[in-house]
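These are my notes on the model, set out as numbered points. They go from the buried residues to the salt bridges and then to the second pocket.

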Amino acid sequence: MISGLAKRLKNSRINAGLSRKEVADLIGVSEAAIGMYESGARQPSLYALTRLATTLNVTTDYLLGCESKDENTISLSGLTEEQITIVKMTIQNFRNQPKE
């Protein structure tokens, strides 16, 4: 079993403001499967893991415990697609500015 996956998955779902049912419908698995993932009784397939990460606006590395969610991570949950695009464009503009 992947240590901490269940907790990170559940926390990410809650932070995204989604129910187990909503996540299940979005990634194409049963609500019971989401419950098993969150309890650690079962691990998601690679396909489900990537769908979960995309749906919850986190990386697969974060869910797997390969990176920490620290102060440099920005949650985009709750934003519209247009707002997310604006945030991404703003970040890219900062990256393109000359460094002093």
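1. A residue counts as buried when its relative accessible area is under 20%, as exposed when it is over 50%, and as partly exposed in between. The model is a predicted one. By that cut-off, helix α3, which covers residues 31–39, has A33, I34, G35, Y37 and E38 buried. The elements covering these buried residues include α1, α2 (20–27) and α4 (46–56). Just after α3, G40 has a positive phi of about 85°.

2. For the overall layout, the protein has 6 helices and 0 strands, and its pattern along the sequence is α-α-α-α-α-α. The C-alpha trace spans about 50 × 25 × 20 Å along its principal axes. Of the 100 residues, 26% count as buried. Taking contacts between residues at least 6 apart in sequence, 49% join residues at least 24 apart.

3. Which residues have the most contacts inside the largest nonpolar core? They are L9, I34, Y37, L52, L56, V58 and L63, in a core of 17 residues. Two or more residues each come from α1, α2, α3, α4 and α5 (60–64). Helix α4 gives the most to this core, with 5 residues. As background, nonpolar side chains in soluble globular proteins tend to be buried together.

4. I34 deserves a separate entry, as it appears both among the buried residues of α3 and among the core residues with the most contacts. Leaving aside neighbours within four places in sequence, I34 is in contact with R20, V23, A24, I27, V29 and L52.

5. R13 lies in helix α1 (residues 5–15). Is R13 buried or exposed? Its relative accessible area is 10%, under the 20% cut-off, so R13 is buried. Once neighbours within four places in sequence are set aside, the contacts of R13 are L18, S19, R20, V23, E38 and L56. R20 and V23 also appear in the contact list of I34.

6. How many salt bridges are there? The count comes to 3. One of them joins the side chains of R13 and E38, at 2.5 Å from N to O. This pair links distant parts of the chain, with R13 in helix α1 and E38 in helix α3, 25 residues apart. E38 has a relative accessible area of 7%, which is under 20%, and therefore counts as buried. As a general point, side chains of opposite charge can pair when their charged atoms come close.

7. E38 also forms a salt bridge with R20, whose closest N and O atoms are 2.9 Å apart. Here too the pair links distant parts of the chain: R20 is in helix α2 and E38 in helix α3, 18 residues apart. R20 counts as partly exposed because its relative accessibility of 31% falls between the 20% and 50% cut-offs. Together, R13, R20 and E38 are linked in a network of salt bridges.

8. The side chains of D25 and K21 meet in another salt bridge, at 3.1 Å from N to O. D25 and K21 are 4 residues apart in helix α2, so about one helical turn separates them. K21 is partly exposed, because its relative accessibility is 42%.

9. The second largest pocket has a volume of about 160 Å³. Its lining is made up of A16, L18, T55, N57, L76, S77, G78, L79, E81, I84 and K88. L18 in this lining is also one of the contacts of R13. By class, the lining has 5 nonpolar, 4 polar and 2 charged residues. Which element gives the most to the lining? Helix α6 (residues 81–96) does, with 3 residues.

10. For a figure, I would suggest a view on E38, where the salt bridges to R13 and R20 can be shown together. I34 could be drawn in the same panel, given that it is in contact with R20.

How values were computed
Residues are numbered from 1 along each chain as its sequence is written. This is a predicted model: local features need pLDDT of at least 70, side-chain atom pairs count only at pLDDT 80 or more; totals for chains, interfaces and linings use all residues. Side-chain values use heavy atoms; hydrogens and water are left out. Buried means under 20% relative accessible area, exposed over 50%, partly exposed in between (1.4 Å probe, protein chains only). Contact means heavy atoms within 4.5 Å. On a 1 Å grid over the protein atoms alone, a cavity is a set of points where a 1.4 Å probe fits but cannot get out, and a pocket is an open set with protein on both sides within 12 Å along at least five of seven lines; lining residues have an atom within 4 Å of a point. Grid points are joined across faces, edges and corners, and a volume is the space filled by probe spheres set on the points. Ala, Val, Leu, Ile, Met, Phe, Trp, Tyr, Cys and Pro count as nonpolar, Asp, Glu, Lys and Arg as charged, and the others, Gly among them, as polar. A nonpolar core is a set of buried Ala, Val, Leu, Ile, Met, Phe, Trp, Tyr and Cys residues joined through side-chain atoms within 4.5 Å. A salt bridge is a side-chain nitrogen of Lys or Arg within 4 Å of a carboxyl oxygen of Asp or Glu.
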